[in-house]
Each structure stands twice: as structure tokens, then as C-alpha cells.
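Please study the sequence and the structure shown below. The exercises after them are to be worked through in order.

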Amino acid sequence: MQFGSQIYTVKDLDLNALTWEHIILLEEAKRMKIKATDQKLVDFIKSVDAFKKDGQFNQEIYENALQYTFHSNPREFEEQIRQDLTINLLLGKVMSAINVTVNDAEVKEAYMKENKKFNAKKFEAEKAKWQELLVQKKKLEALQKYLEDLKIQAHLLDYIPKSKPSQEN
């Protein structure tokens with residue numbers, strides 16, 4: 001997903017929690033009648049460079065990659081991709097519905113946390129960038145709250161540990 005820069009090592013991942021979150025998100029997508037179309041699935045698969053030869057999708061490369069690299073068959077692989085695309089559609093819809101605003105004081109405060117000395121000229125030049133970063137941060141926080149609310153609705157919050165905070169690059 002492209003909603004934040006999170007870097008985890010394998011030991012950081014709680015596969016049980018990720019599996020439950022995956023299930024919860026698929027159920028929410030189903031409830032909201034969101035599902036990746038066949039065309040979206042085909043377009044995505046055809047866009048994967050690993051399945052191309054000379055810039056064009058190659059069915060033989062695709063099937064060999066599934067068999068030997070992913071140890072999967074097309075039906076299983078495509079269903080997993082459809083689920084991932086469906087979740088991305090859901091999250092995109094939720095993110096686009098989240099309306100947040102930031103004021104100049106918040107922008108200046110964020111700027112000051114990163115820049116110990118205030119430089120008015122530099123601040124004005126970078127103000128829009130800082131404003132967008134804060135909006136995205138608030139949207140991600142709202143998305144996280146939405147996900148926590150879904151877990152509560154599913155009565156799973158006690159069984160799924162809280163997500164690890166994102167690590168800045």
C-alpha cells in the first residue's frame with residue numbers, strides 16, 4: 001500500500017494480526033460493496049514488469065513465475081491479487097473521504113520541530129510541503145482510528161495487538 005512509509009523487518013511482523021486485519025478489511029469492503037473488477041485485476045497483472053518480455057505481457061513467463069517463484073496457480077494468485085486490490089480500493093475510498101485541515105500554527109510547529117532555528121524565508125518557501133505532510137499525517141491517524149474502530153466492531157481488538165507506529169525514513 002502507498003499510505004505511508006513503514007519499514008518492518010520479518011521479526012517485527014505479527015502475521016496473526018495482519019491476517020485478521022486483512023479479513024476485517026475484506027469484510028468491510030464487502031459490506032461497502034467494493035470489489036476489484038476483473039478488468040482492474042487483468043490491468044494490474046499485465047502491468048507487472050516481471051511478467052513481461054520485450055515490454056509486453058507474456059503468458060508463459062506469467063505461468064512459470066507463478067509456478068516456480070510464487071508456488072501458486074493462476075486462480076489462487078489472482079484471487080490474492082484481487083483481495084489486495086479490493087483492500088486498496090477500500091482504503092483509497094476511506095482516505096478520500098477523510099477531510100482534515102491544518103492551520104498555520106500547526107504548520108509552523110511541525111517546521112520548528114525539524115528546524116531548530118526559524119528561517120522565515122525558508123519556511124514560506126516550504127510551507128506548502130509542510131502543510132501537505134501534516135494533512136497526510138492527520139489522514140493516516142484518522143485511517144488508523146477507522147481501522148481500530150473496525151476491530152472493535154469485529155470484537156477483535158483484545159486479540160490483535162496495536163499496529164507498530166510508522167518509522168520515518
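The following exercises treat one helix, the nonpolar cores and the salt bridges, each with a worked solution.

The model is predicted: local features need pLDDT of at least 70, side-chain atom pairs count only at pLDDT 80 or more, and totals for chains, interfaces and linings use all residues. Residues are numbered from 1 along each chain as its sequence is written, and side-chain values use heavy atoms, with hydrogens and water left out.

**Exercise 1. Describe helix H4: its span, its N-terminal cap and its buried residues.**

Step 1. Helices are DSSP runs (H or I, at least four residues), numbered from the N terminus. Helix H4 covers residues 74–97, which makes 24 residues.

Step 2. The expected span of a helix is 1.5 Å times one less than its number of residues. From first C-alpha to last, H4 reaches 34 Å, close to the expected 34 Å.

Step 3. At the N-terminal end, Asn-73 caps H4, with a side-chain oxygen 3.0 Å from the backbone nitrogen of Arg-75.

Step 4. A residue is buried under 20% relative accessible area, exposed over 50%, and partly exposed in between (1.4 Å probe, protein chains only). The buried residues of H4 include Phe-77, Ile-81, Leu-85, Thr-86 and Leu-90. They pack against helix H1 (15–31), helix H2 (38–47), helix H3 (59–69) and helix H6 (120–153).

Step 5. Thr-86 serves as an example from helix H4. Its relative accessibility is 5%, so Thr-86 counts as buried. Contact means heavy atoms within 4.5 Å. Not counting residues up to four places away in sequence, Thr-86 touches Leu-26, Ala-29, Ile-34, Lys-35 and Ala-36.

**Exercise 2. Determine which residues of the largest nonpolar core touch the most other members, and which helix supplies its largest share.**

Step 1. A nonpolar core is a set of buried Ala, Val, Leu, Ile, Met, Phe, Trp, Tyr and Cys residues joined through side-chain atoms within 4.5 Å.

Step 2. The largest such core has 14 residues, of which Leu-25, Leu-90, Leu-143, Tyr-146 and Leu-147 touch the most other members. H1, H4 and H6 each supply at least two residues of this core, and the largest share, five residues, comes from H4.

Step 3. Leaving aside neighbours within four places in sequence, Leu-90 is in contact with Leu-25, Glu-28, Ala-29, Met-32, Ile-34 and Tyr-146. Another core lies apart from the largest one; it has ten residues, among them Leu-66, Phe-77, Ile-81 and Leu-85.

**Exercise 3. Compare three salt bridges by their N to O distances and the exposure of their partners.**

Step 1. A salt bridge is a side-chain nitrogen of Lys or Arg within 4 Å of a carboxyl oxygen of Asp or Glu. By this rule there are eleven salt bridges.

Step 2. Lys-52 and Asp-49 form one of them, with their closest N and O atoms 3.7 Å apart. Lys-52 is partly exposed at 28% relative accessibility, whereas Asp-49 is exposed at 60%.

Step 3. Glu-106 pairs with Lys-138, the closest N and O atoms being 2.8 Å apart. Because Glu-106 lies in helix H5 (residues 104–114) and Lys-138 in helix H6, this pair ties together parts that are 32 residues apart in sequence. Both partners are partly exposed: Glu-106 at 27% and Lys-138 at 25%.

Step 4. Lys-151 and Glu-148 meet at 3.3 Å, N to O. Both lie in helix H6, three residues apart, about one turn of the helix, and both are buried. Salt bridges that share partners join Glu-21, Glu-148 and Lys-151 into one network.

Technical notes
Polar contact = N/O pair within 3.5 Å; in protein donor to acceptor, adjacent residues only side chain to side chain.
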